[in-house]
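Let's take a friendly walk through a protein model, one piece at a time. Keep the picture open while you read.

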Amino acid sequence: MTGLRYVYAVCRPLGAPLQAQLTGVAGAPVKQLPHHGLIAVVSEVPAGDFAEEPLRAHLEDLDWLAATARAHHGVIDALTMVTTPMPLRLATVFRDDSAVRCMIQSWEDHIRSTLERLQGRVEWGVKVYLSAEPAHAAAAAAPAPKPASGRDYLRQRRQQTRAHEDLWQQAEAFASRLHDKLSALAEESRLHAPQSAALSGAAGPNVLNAAYLVPRARSEEFVEVVDRMRDDAAGPRVELTGPWAAYSFVGDLPGEEA
Amino acid sequence: MTVVERREVALVDLLDRLLAGGVVITGDVTLRIADVDLVRIDLNALISSVNEQVPSPFEIPRAVPGTTAAPDGPRTEEPP
């Protein structure tokens, strides 16, 4: 079977060796493909799974998507230990080594300037959730007393709606303060779409889902500010993830579709 | 370097980054996942699988921009 090349990232030549047993998607060993003073980090993947048609079908399969995403991230994480990689979008696949070299050559200038911009930076993820008001949660858990009349019912509904509105406003105001403060500390920031509560399994809707590009040297300060703001937040819940490779800050190549 | 508690990365956080982040380079296999937000598209399938174990603890009062607040997939609410 012909193998295709799955490319995880492009980076400068590594100063330290990669983990010897590092495997990528489909369990294949990860290799470095040097070209023009840069390296592509690649592994071989079967065409039966990664050619256009089968890949499209696989991406509809959550288990497959999850396994592939985790394997991709595992390689990026390992690279982050030894260098600052420029991560590529999930499932960037080339025909063979020479097609990968061609890609490096075409985008060399852009790759170099991106690596320069990201050098020594990491990404932190910060999410703010609207937490369920205790009284409200209790009310939701226990069946509400049956309203005596239509008017009672409408009054109950109005009160519930108003309580929700207040919670939202409070959480949004907090999220906006937090985002301003963190953006000032970070070199760049990016807002991701809020995550669905049903999907993340989190308690309460997600009001802020942001990523921040922070120099490693300033990460400690960044985390401290998040912790402090978290303690100050009376209602909303703050979640910090990272440090990540700078996935959210690589930008698109000029001329490539975003 | 600050040490943050190392937990397993949540799949949703990962997909945010791998499907909406990373440099988009058109390889030989041309996929338009850049245009297609899979996390949202496949939401119904995801929700039904998530709901089996984790019923949503909170009724979403209104749609969060960019998400599907009211899933069409099967719900696991207790019958009255």
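What span should the 21 residues of helix H3 (residues 62-82) of chain A have at 1.5 Å a residue, and how far apart are its end C-alpha atoms?

## Sizing up H3

The expected span of H3(A) is 30 Å and its end C-alpha atoms sit 31 Å apart, so the two agree. That expected span is 1.5 Å times one less than the number of residues. The helix labels, like the strand labels, come from DSSP runs (H or I over at least four residues for helices, E over at least two for strands), numbered from the N terminus.

Before going on, some housekeeping: this is a predicted model, where local features need pLDDT of at least 70, side-chain atom pairs count only at pLDDT 80 or more, and totals for chains, interfaces and linings use all residues. Residues are numbered from 1 along each chain as its sequence is written, while chains are lettered from A and ligands numbered from 1 in the order in which they are written.

## What hides H3

Which residues of H3(A) are buried? They are Leu65(A), Thr68(A), Ala69(A), Ala71(A), His72(A), His73(A), Val75(A), Ile76(A) and Leu79(A). A residue is called buried if 20 or more other C-beta atoms lie within 10 Å of its own, exposed if 12 or fewer do, and partly exposed in between, with C-beta atoms placed from the backbone.

The cover over these residues includes strands E1 (3-11), E3 (38-46) and E4 (86-87) and helix H2 (52-59) of chain A, together with helix H1 (11-20) of chain B. Contact here means that the C-beta atoms of two residues, placed from the backbone, lie within 7 Å.

## H5 and its two sides

Now look at helix H5 (residues 108-118) of chain A, where Ile111(A), Thr114(A) and Leu118(A) are buried. Seen down the axis of H5(A), they fall within an arc of 65°, so they line one face of the helix. (The arc is that of the directions from the helix axis to the C-beta atoms.)

Turned away from that buried side of H5(A) are the exposed residues Asp109(A), Ser113(A) and Glu116(A). The cover over the buried residues of H5(A) includes E1, E3, E4, helix H4 (97-106) and strand E6 (121-129) of chain A. Just after H5(A) comes Gly120(A), with a positive phi of about 75°.

## Loops with a twist

His36(A) isn't a glycine, yet its phi is positive, near 55°. You'll find His36(A) in the loop between strand E2 (31-35) and E3 of chain A. Ala91(A), not a glycine either, has a positive phi of about 60°, and this residue lies in the loop between E4 and strand E5 (93-94) of chain A.

Are these two buried or exposed? His36(A) is exposed, because just 11 other C-beta atoms lie within 10 Å. Ala91(A) is buried, because 25 other C-beta atoms lie within 10 Å.

## A cis bond and a second chain

Next, spot the peptide bond from Gly242(A) to Pro243(A): it is cis, with omega near 0°. Pro243(A) belongs to strand E9 (residues 237-244) of chain A.

Finally, chain B has 3 helices and 0 strands, and reads α-α-α along its sequence. Of its 80 residues, 34% count as buried.
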